[in-house]
Amino acid sequence: MNYLIIAILLILLFLYFKTRSPADLNSDGLKKALESNAPLIDVRSPGEFASGHIPGAINIPVDQLEKVAKKKLKDKEQRIILCCRSGARSRRGKSLLENMGYTKIEDFGAIHHWNDELEKGS
């Protein structure tokens, strides 16, 4: 019976990780993108952002992204990179922006993939 439970758990874990989308960029790729002045949008809440964010990131919470993008991200052809805590909100933000007609959206995913120091504050 215990082996059956363990087997089921292992299958569920496998399926969970198999269906997760990998990030579009790794840490080195993000550094190069930031050097070319691509905007990095952190879609977490302001409190999460203040507790630690990738240097140079702009905080636009995912629930405000559509409204703010219409005002501040006029060029739908520019490269835009998104990040968040786990990758879920940045994936949702990427999908939202793509549905709005933005064509060069990349998902860095979770900020814990960043290999350097995080900045504190807003």
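1. Helices (H or I, at least four residues) and strands (E, at least two) here are DSSP runs, numbered from the N terminus. With that in hand, the chain reads α-α-β-α-β-α-β-α-β along its sequence, which comes to five helices and four strands. Keep in mind that this is a predicted model. The chain has 122 residues, 36% of which count as buried, and its C-alpha trace spans about 60 × 35 × 25 Å along the principal axes. Take the contacts between residues at least 6 apart in sequence: 70% of these join residues at least 24 apart.

2. I'd start with strand β3, residues 79-84. Five of its six residues are buried, so β3 is largely enclosed by the rest of the structure. On one hand, β3 runs parallel to strand β1 (residues 40-42), and three bridges join the two. On the other, β3 pairs with strand β4 (residues 104-110), again in the parallel sense, over six bridges. If you want to check the register in your viewer, D42 stands opposite C83 of β3, and R79 stands opposite K104 of β4.

3. How do you get from β3 to β4? The connection goes through helix α5 (residues 88-99), and β3, α5 and β4 together make a right-handed β-α-β unit. After α5 comes G101, which has a positive phi, near 105 degrees.

4. Helix α5 passes a simple geometry check. Its 12 residues should span 16 Å at 1.5 Å a residue, and the end C-alpha atoms are 17 Å apart, which agrees. Its buried residues are S90, G93, K94 and L97. These cover an arc of only 105 degrees around the axis, which puts them on the same side of α5. What do the buried residues of α5 pack against? The partners are α4 (65-72), β3 and β4. Note that K94, a lysine, is on that buried list.

5. Helix α4 has a buried side too, made up of L65, V68 and A69. They span an arc of only 105 degrees around the axis, so they sit on the same side of α4. Which residues are exposed on the other side of α4? Those are K67, K70 and K71. The cover over the buried residues of α4 includes β1 and α5, and α4 is in turn among the elements that the buried residues of α5 pack against.

6. Now the charges: there are five salt bridges in the structure, and three of them are worth a look here. One is between the side chains of D42 and R44, at 2.8 Å from N to O. Are these two residues buried or exposed? Both D42 and R44 are buried. D42 is also the residue that faces C83 in β3, so if you are assigning charges or protonation states you will meet this residue in both contexts.

7. A second salt bridge joins R89 and E48, whose closest N and O atoms are 2.8 Å apart. R89 lies in helix α5 and E48 in helix α3 (residues 46-51), so this pair ties together parts that are 41 residues apart in sequence. E48 is partly exposed, with a relative accessible area of 21%. Buried means under 20% here, so E48 at 21% does not count as buried.

8. The third runs between E106 and R79, with the closest N and O atoms 2.3 Å apart. E106 lies in strand β4 and R79 in strand β3, so the pair links parts that are 27 residues apart in sequence. E106 is buried at 18% relative accessible area, whereas R79 is partly exposed at 29%. R79 also stands opposite K104 in β4.

9. Last, a backbone point to look at. N37 has a positive phi, near 70 degrees, and N37 is a residue other than glycine. Where does N37 lie? It is in the loop between α2 (27-35) and β1. At 69% relative accessibility, N37 counts as exposed.

Terms used:
Residues are numbered from 1 along each chain as its sequence is written. This is a predicted model: local features need pLDDT of at least 70, side-chain atom pairs count only at pLDDT 80 or more; totals for chains, interfaces and linings use all residues. Side-chain values use heavy atoms; hydrogens and water are left out. Buried means under 20% relative accessible area, exposed over 50%, partly exposed in between (1.4 Å probe, protein chains only). Two strands pair if DSSP finds at least two bridges between them. A crossover is right-handed if, with the strands pointing away from the viewer, the path from the first strand over the helix to the second runs clockwise. A salt bridge is a side-chain nitrogen of Lys or Arg within 4 Å of a carboxyl oxygen of Asp or Glu. The expected span of a helix is 1.5 Å times one less than its number of residues. The arc is that of the directions from the helix axis to the C-beta atoms. Contact means heavy atoms within 4.5 Å.
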